[in-house]
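Me: I should like to take a close look at a single part of this structure. Please describe one loop residue and the sheet beside which the account of that residue leads.

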Amino acid sequence: MKKGYRLRKVLLFLSIAVFISVFIYQFAALKMNAVTTETVVETTEQETIAAKLFIVRDEHYIINQTSGTVVPLVEDGKKVAKGDVVAAICGNESEASVYMQKKELQSSILRYTQLNRQENENALDIDKIDEEADLLFSKMMDVVSTGKLEEFNSSSSDFRDKLTNRQITIDGSIDFSAKINALEKELTALQKKDISVSNLSANESGYYISSLDGYENKINYNNIQNVTASEIEKIINSTSEPGPSNALGKLVYNYNWYLLASLKKSDAIMLKTGQTLKINFGPDFEDTISVKVYSVNPSQNGNTAVAFVCNLMNSQLAGMRIENARIVLKEYKGYRINSNAVRIRGGVEGAYVLLGDVITFRKFDIKYSNKNYVIADIVKNTYETKKPYYIELYDEAIIKGKNLREGRVVG
């Protein structure tokens with residue numbers, strides 16, 4: 001009895017030992033066979049210089065002796081001709097509010113009147129309207145993606161009206177007469193209110209800016225190339241001073257305007273006069289403008305004064321004065337690949353990637369690298385490409401694994 005019990009006990013221990021051994025072997029094999037991957041994505045990497053910029057324009061005050069509340073009629077940064085009305089001057093804020101309501105009502109009446117006229121236009125082509133609507137929608141999305149939100153109201157209104165136009169063309173059942181009559185009644189009531197309004201006109205052609213910031217003409221526009229780093233630093237660290245009390249906005253006469261920076265010599269030496277580059281600005285440096293290096297003015301002791309020139313203008317740029325920015329020295333666009341995936345096989349630089357459950361090697365040319373990742377050239381594979389093929393977008397690059405080799409099945 002005892003002998004049989006001992007035999008069963010030995011067999012039980014042997015079975016457990018075999019089970020544990022098989023489990024450990026399978027676990028070790030599975031661990032050795034496992035790989036970790038990271039998806040290859042397209043990205044843009046920039047080498048930049050951090051800088052604080054001071055903006056200089058050819059600014060001239062618009063002087064008017066009439067006191068009151070100014071209502072801008074032209075968007076900041078818009079080009080105006082000599083004699084163009086850029087603002088209205090009302091007696092007080094209440095009168096300015098009435099004036100703006102009248103302008104809005106007049107604009108709405110004009111819009112609905114134009115839409116109403118389309119009801120009887122039988123020659124409208126629905127395919128053409130659809131094409132125009134697509135273009136207007138794309139324009140609206142471009143405004144959003146580029147951050148030019150000051151243009152969104154206009155672009156969205158154009159798209160909305162085009163869709164209304166389409167509906168009229170299809171069923172011809174929309175009549176805005178009642179809406180127009182209601183708006184005209186509102187306008188008639190407002191027109192009975194006695195308000196004083198005078199026009200403010202541009203005395204020269206240029207870009208109109210409605211606000212003053214107190215930094216106008218602090219640096220001589222015609223002497224940019226001679227500005228020193230210490231002058232730039234001094235004005236950036238200074239406080240603004242109020243402009244003339246009778247100045248009701250300003251005109252920028254010259255198309256070119258300048259961005260001044262005081263840079264360390266080690267940074268400034270990388271810039272050359274005439275060089276075209278980008279500058280990122282905004283809260284998260286998401287906005288970009290293209291500029292040229294206008295002048296590089298080193299000092300014997302201290303920093304170097306650098307002036308960039310630009311001739312673009314819009315409402316966003318018109319409001320710039322002192323800005324934190326990043327000067328883009330180089331830009332690398334390509335595939336981002338984890339540094340742990342980079343390997344050399346047969347003298348060729350590349351990475352092992354997982355295609356389904358099969359490992360294969362893909363080559364690439366590195367444009368930029370840091371300790372975490374590399375940026376590789378985007379090269380399309382063709383029927384003429386010789387193996388190994390170039391790495392492609394969304395490939396799963398292997399960043400961790402053992403016994404990596406061409407054709408090995410991972411399972």
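Reply: In this predicted model, aspartate 58 lies in the loop that links strand E2 (41-56) to strand E3. Aspartate 58 is buried, yet no salt bridge is found for this residue. The nearest side chain of opposite charge belongs to arginine 321, which is 11 Å away, whereas a salt bridge requires the charged atoms to lie within 4 Å. The side chain of aspartate 58 does, however, make a polar contact of 2.9 Å with the side chain of histidine 60. If the neighbours within four places in sequence are set aside, the residues in contact with aspartate 58 are Tyr221, Leu251, Val252, Tyr253 and Asn254.

The sheet can now be considered. Strand E3, which follows the loop of aspartate 58, belongs to an open sheet of four strands, arranged in the order E3-E9-E8-E5 with antiparallel pairing. Strand E3 (59-63) and strand E5 (78-80) are the edge strands; each has a single partner strand, so one side of each is left without a neighbour in the sheet. On average, neighbouring strands of this sheet are turned by 40 degrees against each other, direction ignored. In general, the strands of a sheet pair through backbone hydrogen bonds, in either a parallel or an antiparallel manner.

One pairing within the sheet joins strand E8 (residues 206-209) to strand E9 (residues 247-252) in the antiparallel sense, over three bridges. Here tyrosine 208 stands opposite leucine 251 of E9. Leucine 251 is also one of the residues in contact with aspartate 58, and this returns the account to the loop residue.

Definitions and conventions: Residues numbered from 1 in each chain as written. Predicted model: local features only at pLDDT ≥ 70, side-chain atom pairs only at ≥ 80, totals over all residues. Heavy atoms only, no water. Pairing = 2+ DSSP bridges. Helix = DSSP H or I, 4+ residues; strand = E, 2+ residues; numbered from the N terminus. Axes fitted to C-alpha atoms, helices over the stretch in contact; angles between N-to-C directions. Buried < 20%, exposed > 50% of the residue type's maximum accessible area, 1.4 Å probe, protein only. Lys, Arg positive; Asp, Glu negative; His and termini not counted. Polar contact = N/O pair within 3.5 Å; in protein donor to acceptor, adjacent residues only side chain to side chain. Contact = heavy atoms within 4.5 Å.
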